[in-house]
Amino acid sequence: MFDFSAERTLRSVDESLQRMGLDFVDIIQVHDMEFAPSLDIIINETLPALQKVQQSGKARFIGITGYPLGNFRTVLERSTVKIDTVLTYCRACIHDNGLQEYIPFFQERGIGIINASPIAMGLLSNQGPPDWHPATKDIKEACAKSASFCRDNDCDISKLAMAYTLGFPGIHTTLFSTASLGNLRKNLACANTKLSHKEEDVLKQVIKRYIDPLPVHHLERVEVNEYRLQLQGVPDEHTFKLR
């Protein structure tokens, strides 16, 4: 269960620092704001608590994270605590470029923009997403068809996805993770090499054929709704698992 209360926030920071053997961290972030009962708790309890953490020297900067992009605007406009960074994931990808709309808003406020999961938690890969992935059936099918189209044209959809995200203007940092050393090297190589003309053409065709026709490109409310159901004792065994 998520607990964003001021008391738990302060205790959590101290516990984390102790586990890591550190006196301070560069950035302390409010993780997945959407799982709070209300954004009022984030604004009135969590962020003021982190401000105390910052003032005590245990953190240099304060950030907020989450998937729904509208929450960032709400919190940034209402918070009296200075917020330095935002982190979102799967929102600057081939199948969902919703972050683009919010970049000017963040830039106007001098906010550092951290983007994560350019492969969309496995959606944009030849292996496909894990069973727990919260994407809708339509999105999963569109991404699977995109991967197949790339293979038929001797292209790697993960490479195209990484290049697409790294080419996104205005993003300061992109995070990715992998359990494969080979994938790590391929992803790093994307930062220093451009797509071929053929790869660029395949990427355009993928977007036009499979992504643009999607009625909905994002996954907002999927995990949160299931989380609320689980709190009520109605578990969903097929997708999101209560953290």
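# A guided tour of the predicted model

Begin by selecting Glu7, which counts as exposed, with a relative accessibility of 60%. Here, exposed means over 50% relative accessible area, buried means under 20%, and partly exposed lies in between, with a 1.4 Å probe and protein chains only. The accessible areas themselves come from the Shrake-Rupley method with a 1.4 Å probe, and for residues only the protein chains shown count as cover.

The model is predicted: local features need pLDDT of at least 70, side-chain atom pairs count only at pLDDT 80 or more, and totals for chains, interfaces and linings use all residues. Residues are numbered from 1 along each chain as its sequence is written, and side-chain values use heavy atoms, leaving out hydrogens and water.

**First stop: helix α1**

Keep Glu7 selected and add Arg11. Their side chains meet in a salt bridge of 3.8 Å, N to O. The term denotes a side-chain nitrogen of Lys or Arg within 4 Å of a carboxyl oxygen of Asp or Glu. Side chains of opposite charge can pair when their charged atoms come close. Both residues belong to helix α1 (residues 6-20), where a spacing of 4 residues separates them by about one helical turn. Helices (H or I, at least four residues) and strands (E, at least two) are DSSP runs, numbered from the N terminus. Arg11 is partly exposed, at 39% relative accessibility.

**Second stop: two further salt bridges**

Are Arg91 and Asp96 buried or exposed? Arg91 is buried, at 4% relative accessible area, and Asp96 is buried as well, with 4%. The two form a salt bridge whose closest N and O atoms are 2.7 Å apart.

Next, select Glu108 and Arg109, whose side chains meet in a salt bridge of 3.5 Å, N to O. Glu108 is exposed, with a relative accessible area of 65%, whereas Arg109 is partly exposed, with 38%. Elsewhere, salt bridges with shared partners link Glu7, Arg8, Arg11 and Glu15 in one network. The count of salt bridges comes to 13.

**Third stop: helix α4**

Select residues 99-108, which make up helix α4. Which residues are buried in this helix? They are Leu99, Tyr102, Ile103, Phe105 and Phe106. The cover over the buried residues of α4 includes α3 (69-78), β3 and β4 (112-116). Just after α4, Gly110 takes a positive phi of about 65°.

**Fourth stop: strands β1 and β3**

Move to Val30, which lies in strand β1 (residues 25-30). Val30 is buried, at 2% relative accessible area. Beyond four places in sequence, Val30 touches Phe4, Ile42, Thr46, Leu47, Leu50, Gly63, Ile64 and Thr65; contact means heavy atoms within 4.5 Å. Now add Leu87: Val30 and Leu87 are 57 residues apart in sequence and 9.7 Å apart in space, C-alpha to C-alpha.

Then select Thr85, in strand β3 (residues 85-89). Thr85 is buried, with a relative accessible area of 9%. Outside its neighbours within four places in sequence, Thr85 is in contact with residues including Ile27, Gln29, Ile62 and Ile111.

**Fifth stop: the nonpolar core**

A nonpolar core is a set of buried Ala, Val, Leu, Ile, Met, Phe, Trp, Tyr and Cys residues joined through side-chain atoms within 4.5 Å. In soluble globular proteins, nonpolar side chains tend to be buried together. The largest nonpolar core here has 71 residues, and Leu47, Ile64, Ile94, Phe106 and Leu124 have the most contacts inside it. Select Leu47: past four places in sequence, its contacts include Val30, Ile42, Val75 and Ile83.

**Sixth stop: a surface patch**

Select Leu181, Leu184 and Leu188, a nonpolar patch on the surface with about 260 Å² of accessible area together. Patches are made of residues with over 30% relative accessible area and no salt bridge; like charges are joined within 9 Å, and nonpolar side chains (Val, Leu, Ile, Met, Phe, Trp, Tyr) within 5 Å. Leu184 lies in helix α7 (residues 181-190) and is partly exposed, at 31% relative accessibility.

**Last stop: the whole chain**

Finally, display the entire chain, with its 9 helices and 5 strands. Of its 243 residues, 45% count as buried. The chain exposes about 13,000 Å², of which carbon and sulfur atoms supply 51%. Its C-alpha atoms fill a box of roughly 55 × 45 × 35 Å along the principal axes.
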